Amino acid sequence: MAENRLFDILLSLPLFLGMSRSDLHEAAGKTRFDFLKVSEGETIVKDGERCLSLFFLLTGEIKVFTDADDHGYNIEEYISAPEIFQPERIFGLNQRFTHTYIAKTDCSIMRLEKQEILKLSELFEIFRINLLNLFSAQTQKISRRALRVPPKNIEELIIRFFEARCVRPGGEKIFHIKMTRMAKELNDSRLDISKALNNLEAEGLLHLQRERIFIPALEKLLSR
């Protein structure tokens with residue numbers, strides 16, 4: 001990957017915002033940046049693996065799989081570069097990934113080990129601030145969830161269910177879930193859930209298949 005193109009991608013990532021090209025040159029000389037080529041279909045990170053490094057998707061598209069704790073349902077998402085894989089997992093109580101990341105196309109990945117993250121934080125104040133901002137923003141968003149206006153109807157409740165379980169609030173999503181399980185999750189009857197989902201399908205916002213709900217664009221569903 002050409003250096004200028006690489007720097008443009010890095011400078012668009014949240015952790016490198018505000019840094020200059022000369023800062024990146026200095027960082028490259030004092031810290032270790034590992035660059036990986038990942039082929040289509042190859043697993044990059046598995047759910048449950050220890051988070052010893054940060055992974056940055058520089059080019060390509062990935063599939064992200066998220067399982068319920070009891071594996072009773074799972075979510076499949078497609079995410080395009082640039083993306084960081086769960087940066088909040090590099091520190092804290094549970095330092096393990098909770099998603100599985102698989103290359104949907106050939107991808108370019110940059111990996112930074114934890115010790116290199118700490119070194120960059122010491123060398124560049126802006127990097128340290130970006131890291132704190134990233135963690136703070138996520139905490140603030142989570143803390144506001146309980147204070148949101150409650151859903152007005154079952155359709156809005158279902159949409160909130162989808163939103164809360166996705167990595168990104170946009171793009172294609174596939175929920176592999178039985179109607180009976182969704183009814184239990186939302187404390188409603190299977191019949192009511194089925195009717196509401198069929199209403200959303202009639203609006204062209206999702207497509208129902210056996211034990212599978214395909215959402216072509218979650219952002220359209222959220223703006224309903």
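D34 is buried in this predicted model, with a relative accessible area of 10%. The side chain of D34 meets that of R111 in a salt bridge, with an N to O distance of 3.7 Å. This pair is one of 13 salt bridges that a search of the whole structure finds, and the search for aromatic pairs returns 10. The points below treat the charged contacts, the aromatic contacts and the backbone features in turn.

**Salt bridge between D34 and R111**

- D34 belongs to strand β1 (residues 34-38) and R111 to strand β8 (residues 107-113), so the contact links distant parts of the chain, 77 residues apart.
- The two partners fall into separate accessibility classes: D34 is buried at 10%, whereas R111 is partly exposed at 25%.
- The value of 10% places D34 among buried residues because that class covers relative accessible areas under 20%.

**Salt bridge between E163 and R148**

- E163 and R148 form a salt bridge through their side chains, at 3.1 Å from N to O.
- The pair joins helix α5, which holds E163, to the loop between α4 and α5, which holds R148; the residues are 15 apart, and the pair is described as linking distant parts of the chain.
- E163 is partly exposed, with a relative accessible area of 25%.
- R148 is also partly exposed, with a relative accessible area of 36%.

**Salt bridge between R165 and E185, and its network**

- In the salt bridge between R165 and E185, the closest N and O atoms are 3.6 Å apart.
- R165 is located in the loop between α5 and β9 (173-176) and E185 in helix α6, so this salt bridge ties together parts that are 20 residues apart in sequence.
- R165 counts as partly exposed, at 27% relative accessibility.
- E185 is likewise partly exposed, with a relative accessible area of 31%.
- R165 and E185 belong to one network with D70 and R181, joined by salt bridges that share partners.

**Aromatic pairs**

- Among the 10 aromatic pairs found in the whole structure is that of Y73 and F161, whose ring centres are 6.0 Å apart.
- The planes of Y73 and F161 are at 45 degrees, and the pair is classed as tilted.
- Y73 lies in the loop between β4 (61-67) and β5, and F161 lies in helix α5 (residues 154-164); the pair thus links distant parts of the chain, 88 residues apart.
- Both rings come from buried residues: Y73 has a relative accessible area of 7%, and F161 has one of 3%.
- The rings of F91 and F135 have centres 6.3 Å apart and planes at 85 degrees, so this pair is edge-to-face.
- The edge-to-face class applies to F91 and F135 because their angle of 85 degrees exceeds the limit, which is over 60.
- F91 is in the loop between β6 and β7 (100-103), while F135 is in helix α4 (residues 125-145); these distant parts of the chain are 44 residues apart.
- F91 is partly exposed, with a relative accessible area of 26%.

**Aromatic cluster and a charge over a ring**

- Ring pairs connect F55, F85, F97 and Y101 into a cluster.
- K104 is positioned over the face of Y78, at 5.0 Å from the ring centre.

**Backbone features in loops**

- A cis peptide bond joins A81 and P82, with omega at about 0 degrees.
- P82 is placed in the loop between β5 (74-80) and β6 (83-84).
- N187 has a positive phi of about 55 degrees, although N187 is not a glycine.
- N187 is found in the loop between α6 (179-185) and α7 (190-202), and counts as exposed at 73% relative accessibility.
- E211 is not a glycine either, yet has a positive phi of about 55 degrees.
- E211 is found in the loop between β10 (207-209) and β11 (212-215), and counts as partly exposed at 39% relative accessibility.

Key. Residues numbered from 1 in each chain as written. Predicted model: local features only at pLDDT ≥ 70, side-chain atom pairs only at ≥ 80, totals over all residues. Heavy atoms only, no water. Helix = DSSP H or I, 4+ residues; strand = E, 2+ residues; numbered from the N terminus. Buried < 20%, exposed > 50% of the residue type's maximum accessible area, 1.4 Å probe, protein only. Phe/Tyr/Trp six-rings, centres within 6.5 Å; stacked < 30°, edge-to-face > 60°. Lys NZ or Arg CZ within 6 Å of the ring centre and 35° of its normal. Salt bridge = Lys/Arg side-chain N within 4 Å of Asp/Glu carboxyl O.
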